[in-house]
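Biologist: I have a model open and want to learn how to read it. Where do we start?

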Amino acid sequence: SHAAADDKDAMSKLKGLLGLGPSCAVEIFFDNCEKRRTVDVQMEERVDTQYVFQGHEPISGRVVIRPNPGKKIEHTGLRVELIGQIVLTYERVERQDFTSVVRALEASGEISSESAYAFEFPTVDKQPDSYNGINAQLRYFLRVTIVRPYSTNVVQEQEFWVENFSREPPALQSGPIAATPAETGVAALAGIKMEVGIEDYLHIEFEYDKSQY
């Protein structure tokens, strides 16, 4: 509701005045995404537009950090992780990472102005496709962490979608298929036969004269 949104904005402003809110803005950008396909993924409270990658593609880009006006960020480590995660939401939320690769962007230092850091994950295996269901999700995302010695770590995540496209079967030849001498009298392209049913009650057979259409 509008009242809840106003309360949330007011709380964010109060935290900022007290020094309890985020001390900087963190954005994650992917490389070469001007013409990349996107999908809209329904999250808990919003629709998230995500870039689509194939499993073999490298993931690269840059992290941009903008400190709040007049603020400096001292840190003991700046890193980006590529994570593949399964989330089960039936009864209670369970999260299990099935892949995780870390890249250090900076060992330690101080950020006093807008700074950009390039990253690349060239060989991360992303075989499982992304999935967004009611009780289960398979998600891929980047997580940037600014490790702060005397304050809460700053964490920002950016999700992306993975689809592994299978190769199409070879096109069928038009017209008759010539058989070799060893195949004389035998169909060059075998058919498909499938049987389904319930024992003692129902029996159905499906038969196709070609294995590809």
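Modeller: We go from the whole chain to one sheet, then to one residue.

Modeller: Keep in mind that this is a predicted model.

Biologist: How many helices and strands are there in the protein chain?

Modeller: The count is 1 helix and 14 strands. The chain has 213 residues, and 27% of them are buried. Its accessible surface is about 15300 Å², with 51% belonging to carbon and sulfur atoms.

Biologist: What share of contacts between residues at least 6 apart in sequence join residues at least 24 apart?

Modeller: That share is 62%.

Biologist: Now a sheet. How should I read the pairing?

Modeller: Strands of a sheet pair through backbone hydrogen bonds, either parallel or antiparallel. Here, an open sheet of 3 strands runs in the order β1-β4-β9, and the pairing is antiparallel. Its edge strands are β1 (24-30) and β9 (115-121), each paired on one side only. On average, neighbouring strands are turned by 20° against each other, direction ignored.

Biologist: How many bridges join β1 to β4?

Modeller: There are 7, and β4 covers residues 59-67. For one position, take V26: its bridge partner in β4 is I65.

Biologist: Next, Q50. Is Q50 buried or exposed?

Modeller: The cut-off for buried is under 20% relative accessible area. Q50 has 2%, so it is buried. Q50 sits in strand β3 (residues 47-53).

Biologist: Which residues does Q50 touch, not counting those up to four places away in sequence?

Modeller: They are R37, T38, V39, V41, M43, E159, F160 and W161. Separately, the side chains of Q50 and D48 share a polar contact of 3.1 Å.

Definitions and conventions
Residues numbered from 1 in each chain as written. Predicted model: local features only at pLDDT ≥ 70, side-chain atom pairs only at ≥ 80, totals over all residues. Heavy atoms only, no water. Helix = DSSP H or I, 4+ residues; strand = E, 2+ residues; numbered from the N terminus. Buried < 20%, exposed > 50% of the residue type's maximum accessible area, 1.4 Å probe, protein only. Contact = heavy atoms within 4.5 Å. Areas by Shrake-Rupley, 256 points an atom, 1.4 Å probe, with all protein chains shown as cover. Pairing = 2+ DSSP bridges. Axes fitted to C-alpha atoms, helices over the stretch in contact; angles between N-to-C directions. Polar contact = N/O pair within 3.5 Å; in protein donor to acceptor, adjacent residues only side chain to side chain.
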